[in-house]
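Please read the following report beside the sequence and the coordinates of the chain. It goes from the overall fold to individual contacts and backbone features.

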Amino acid sequence: MLENLQYCLNATLPIFILLFLGMCFMRIGVFSDEFVQKLNDFVFKIPLPVLVFSDLCSEDFYSVWDTKLVLFCFFATLLSILLTFFLSLFLKDKTIQGEFIQASYRSSAALLGVTLMQNLYGSSSMAPLMIIGCVPLYNAAAVIILSFFKPERRPLDKRLFLSTAKGIATNPIIIGIVCGLLWALLQLPMPQLLSSTVSDVAGLATPLGLMAMGASFNLKKAFHSAKAAGAAAAIKLVLLCAVFIPVAAAMGFRQEKLAAVLIMCGSPTTVSCYVMAKSMGHRGTLTSSTVMLTTFFCAFTMTFYLFILKSAGLL
């Protein structure tokens, strides 16, 4: 039992130590709001896609690809969206319905997912397959939900769907995954000079991204819209895992594949939810509060889930 607990803490504690360092750097003035915003943008556009590419380009494409996992992630995400929509019908304040739905289902699957998989297995080859299954649907559904449920609603039109499709096609993470898979499929050589450069850039993703996320954490904001944000956080960190992890285990997913599903269901609400909500006419208070709460409590819930699954021999 102690070995299992140590295994789980070794995977999760480095993540949250970096988050804490980001909070400290923000507190003492080393980081600023403008710097953190630019840092988040940089990590999302450059090191994180390079990290995903690096993990895939040297893999055997046919051994890495898993249609069953990709489809499971897609349909689990779709059902998560429908479940959170149903639960949002019980909200008294309908002006926050769109924010509530997005914040309840949308995970930080890319940054925390890749990082946690590397900590657990030394490779994140299953994380990109999970990302393929869920992230395009995350983005498309978020645009539709935030447009339909905005306080001043306007009808969905062709321009909105085209912009959504463009956003998915130009998503840096998706581009990194596609390039990595194509590189592996075509078995292109990786010269030492290029390999070293890719490795160095990819190595920036984890420390910079996690410290930027930690720097964005504000304890006071975390308790704004406390009741609705608490409900969204409980759905994100507890309910979705309780529903889909047993199903994934029953379907035979083990080791890296089950860990990828756990990350998809149980990682905190992504910071980009707040950016999207604000840019699409929502107040953003509920979203920011949910991001803060899920980021904080994920340190405990993720360690707990890993411990349970490891003790059961599933990881």
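The report below describes a predicted model.

## Overall architecture

The secondary structure of this predicted chain consists of 17 helices and 0 strands. Along the principal axes, the C-alpha atoms occupy a box of roughly 55 × 50 × 45 Å. For 315 residues, a compact globule would be expected to have a radius of gyration near 20 Å, and the value of 19 Å computed for the chain agrees with that expectation. Of the 315 residues, 51% are buried.

## Helix α17 and the residue that follows

Helix α17 covers residues 285-311, and its 27 residues should span 39 Å at 1.5 Å a residue; the C-alpha atoms at its ends lie 38 Å apart, which agrees. The helix nevertheless contains a kink of about 50 degrees, centred on Cys 298. After α17 comes Gly 313, which has a positive phi, near 75 degrees.

## Salt bridges

The structure contains 4 salt bridges, and one of them joins the side chains of Glu 34 and Lys 38, with an N to O distance of 3.4 Å. Both of these residues belong to helix α2 (residues 33-45), where they are 4 residues apart, about one turn of the helix. In an α-helix there are 3.6 residues a turn, so residues three or four places apart point the same way. Glu 34 and Lys 38 are both exposed.

Another salt bridge is formed by Asp 66 and Lys 257, whose closest N and O atoms are 2.5 Å apart. This pair links distant parts of the chain, since Asp 66 lies in the loop between α4 (61-64) and α5 (67-88) while Lys 257 lies in helix α15 (residues 255-266), 191 residues apart. Asp 66 has a relative accessibility of 13% and therefore counts as buried, whereas Lys 257, with a relative accessible area of 28%, is partly exposed.

The side chains of Arg 283 and Asp 93 also meet in a salt bridge, at 3.7 Å from N to O. Here too the pair links distant parts of the chain: Arg 283 is in the loop between α16 (272-279) and α17, Asp 93 is in the loop between α5 and α6 (97-105), and the two are 190 residues apart. Arg 283 is partly exposed, with a relative accessible area of 49%, and Asp 93 is partly exposed as well, with a relative accessible area of 33%.

## Nonpolar surface patch

Which residues form a nonpolar patch on the surface? The patch consists of Tyr 62, Val 178, Leu 182, Leu 185, Leu 186 and Leu 188, which together have about 600 Å² of accessible area. Helix α10 (residues 172-186) supplies the largest share, 4 residues. One of the patch residues, Leu 182, is located in helix α10 and is partly exposed, with a relative accessible area of 44%.

## Positive phi outside glycine

Gln 187 is a residue other than glycine with a positive phi, near 55 degrees. Its place is in the loop between α10 and α11 (192-202), and Gln 187 is exposed, with a relative accessible area of 69%.

Gln 255 is likewise not a glycine, yet has a positive phi of about 50 degrees. In contrast to a loop position, Gln 255 is assigned to helix α15, and at 31% relative accessibility Gln 255 counts as partly exposed.

Conventions. Residues numbered from 1 in each chain as written. Predicted model: local features only at pLDDT ≥ 70, side-chain atom pairs only at ≥ 80, totals over all residues. Heavy atoms only, no water. Patch = residues over 30% accessible without salt bridge, like charges linked within 9 Å, V, L, I, M, F, W, Y side chains within 5 Å. Areas by Shrake-Rupley, 256 points an atom, 1.4 Å probe, with all protein chains shown as cover. Buried < 20%, exposed > 50% of the residue type's maximum accessible area, 1.4 Å probe, protein only. Expected span 1.5 Å × (residues − 1). Bend = angle between axes of the 7 residues up to and from the residue. Rg over C-alpha atoms; globule rule 2.2 N^0.38 Å.
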